[in-house]
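Please look through the structure shown here with some patience, turning from ring to ring and then from helix to helix. The paragraphs below it are meant to be read alongside the picture.

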Amino acid sequence: MRLDSMRVLVTGASGSLGWALSRKLLPGCEVVATYNSHPSVPAGTEALRLDLSDRDALGDLCRQNKPDVIFHCAAMTNPDECEQDSRRALRVNFEATLEIARIAKDMGSRLVFTSTDLVFDGSKGDYREDDAARPLSIYGMSKLRAEEAVLGIGAGSIVVRSSLMYGMGSETSGTFLTRVTDALAGGRQMKLFTDQRRNPILVDDFVGALMAAVEGDLSGLYHVAGREVLTRFEFGREVCRAFGYDETLLVPISMEDFSYVAARPLDSTLNTEKFTSATAFQPTGIAEALAGLAAEMA
Ligand SMILES: NC(=O)c1ccc[n+]([C@@H]2O[C@H](COP(=O)([O-])OP(=O)(O)OC[C@H]3O[C@@H](n4cnc5c(N)ncnc54)[C@H](OP(=O)(O)O)[C@@H]3O)[C@@H](O)[C@H]2O)c1
C-alpha cells in the first residue's frame with residue numbers, strides 16, 4: 001500500500017514519535033494529528049484533541065475522519081506513572097487500543113500499533129517475536145495486552161515493538177538523548193546505568209520502519225531496533241563524543257543502586273532479523289546518527 005495521498009491518523013502527534021512521524025508523512029499524506037494535554041503538533045497537519053480515556057470521543061474522532069491508515073503512537077509512556085495509576089494506564093494503553101482496533105476493523109483502516117521491549121522481563125536478551133513476553137511493570141503489561149488485542153482483532157494490523165528511542169523530540173516531549181544533552185549542556189552530572197542493555201534506535205529510523213511496514217504490506221508482530229547493543233552509560237559516552245561534552249559529568253550507576261517505582265528489565269534487547277529480512281530497513285549506526293543530530297542542534 002502506497003502511503004502517498006492517503007488520509008492518515010497519527011495519535012500522540014505531540015509526543016516525540018508521533019511528531020517525527022507526522023512531519024515525515026507530510027506533505028504526501030493528509031495527516032490528522034492528535035494531542036492530549038499539549039496542543040502542539042507539526043504545522044500542516046489537522047490538529048485534534050483526543051483523550052484516549054474518553055471512549056465516545058475516540059469513536060467519534062475515528063469515524064468522522066475515516067483514515068485509510070492509523071498510526072497509534074499515543075500512550076502513557078512513563079512506567080512509574082503507569083505503576084502509580086494502573087487503572088488509568090490500562091484504560092489509556094490497553095482499553096483504548098482495543099477500541100481503536102475494533103473501529104479500524106469496522107472502517108477497513110490499516111492499523112499500526114507501536115509497542116515496547118519492556119514487554120520482556122530482561123532475563124535473556126536478544127528477544128525474538130515468538131519469545132514469551134513476561135512484563136515486569138504495569139506499563140509493559142498494558143502494552144502487551146494492547147498488542148494482543150490488535151493482533152487478535154485485525155488480521156492485517158501491524159504491531160511494532162521497539163527499544164529506547166533517541167532524537168530531537170517534539171516541542172513538548174524530549175527523548176533519552178535530549179535528557180542527556182540538557183543535563184550535560186547545563187554542566188550537570190547525569191547518572192546512567194552501566195548494566196541495563198538496550199538497542200537504542202534513532203526516532204527517524206523508527207519512523208522510516210513504520211512507513212516501510214505499511215508500504216511493504218506487512219502484518220503481524222515485528223521487532224525494530226538499532227543494530228548496536230549498549231548500556232545507557234555507553235550511550236552517554238557516545239553523546240559526549242558526538243557533542244563534545246565533558247565525559248566526567250557521566251556518573252556510572254547500577255540498576256540496583258536506583259529505586260524506581262516500576263521494575264525495569266536488565267536486558268530487553270530485541271532481535272530484529274524478522275523485520276530486516278522482510279524489508280530493506282537498515283538502522284543508522286549510533287555514532288553516525290549522533291553526529292548528524294549534533295550538527296542539526298548546533
Ligand atoms: N520513547 C521510547 O523510548 C519508546 C520505546 C519503545 C516504545 N515506545 C512507544 O512509542 C510510542 C510513542 O512514544 P513517545 O516516545 O512518542 O511518547 P511521548 O513522547 O511520551 O508521547 C506520548 C504521546 O501520547 C499522548 N498521550 C498521553 N496520554 C494520552 C491520553 N490519555 N490520551 C491521548 N493521548 C495521550 C501524549 O499527548 P500530550 O503530550 O499532548 O498529553 C503524547 O502525544 C508509545 O506507544 C510508546 O509506548 C516508545
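What follows is a walk through some aromatic rings, two charges that sit over rings, and one pair of helices.

Because this is a predicted model, local features are described here where pLDDT is at least 70. The structure holds nine aromatic pairs, and one of them is formed by phenylalanine 176 and phenylalanine 235, whose rings lie 5.3 Å centre to centre with 40° between the planes, an arrangement that counts as tilted. This pair links distant parts of the chain, since phenylalanine 176 belongs to helix α6 (residues 176–185) and phenylalanine 235 to helix α8 (residues 232–243), 59 residues apart. Are these two rings buried or exposed? Phenylalanine 176 has a relative accessibility of 4% and therefore counts as buried, and phenylalanine 235 is likewise buried, with a relative accessible area of 1%; buried means under 20%. Phe176 and Phe235 also form one aromatic cluster together with Tyr166.

A second pair is made by phenylalanine 193 and tyrosine 260, whose ring centres are 5.9 Å apart and whose planes stand at 70°, so the pair is edge-to-face, because planes over 60 degrees apart are counted in that way. This pair, too, links distant parts of the chain: phenylalanine 193 is in strand β8 (residues 190–193), while tyrosine 260 is in the loop between β13 (250–253) and α9 (273–278), 67 residues apart. Phenylalanine 193, at 5% relative accessibility, counts as buried, whereas tyrosine 260, at 32%, counts as partly exposed.

Rings can also be seen beside charged side chains. Lysine 124 lies over the face of tyrosine 127, at 4.8 Å from the ring centre, and the charged end of lysine 274 sits over the ring of tyrosine 222, 4.5 Å from its centre.

Returning to α8, the helix that holds phenylalanine 235, we can follow how it meets helix α10 (residues 286–297), for the axes of α8 and α10 come within 9 Å and cross at roughly 50°. The two helices are therefore oblique to each other, and their crossing is right-handed. Which residues of α8 and α10 meet? On the α8 side they are Phe235, Glu238, Val239, Ala242 and Phe243, and on the α10 side Ile286, Ala287, Leu290, Ala291, Leu293, Ala294 and Met297. Phe235 thus appears in two parts of this picture, in the aromatic cluster with Tyr166 and Phe176 and among the residues of α8 that meet α10.

Terms used:
Residues numbered from 1 in each chain as written. Predicted model: local features only at pLDDT ≥ 70, side-chain atom pairs only at ≥ 80, totals over all residues. Heavy atoms only, no water. Phe/Tyr/Trp six-rings, centres within 6.5 Å; stacked < 30°, edge-to-face > 60°. Helix = DSSP H or I, 4+ residues; strand = E, 2+ residues; numbered from the N terminus. Buried < 20%, exposed > 50% of the residue type's maximum accessible area, 1.4 Å probe, protein only. Lys NZ or Arg CZ within 6 Å of the ring centre and 35° of its normal. Axes fitted to C-alpha atoms, helices over the stretch in contact; angles between N-to-C directions. Parallel < 35°, antiparallel > 145°, perpendicular 65-115°, else oblique. Left-handed = near helix turned anticlockwise from the far one by under 90°. Contact = heavy atoms within 4.5 Å.
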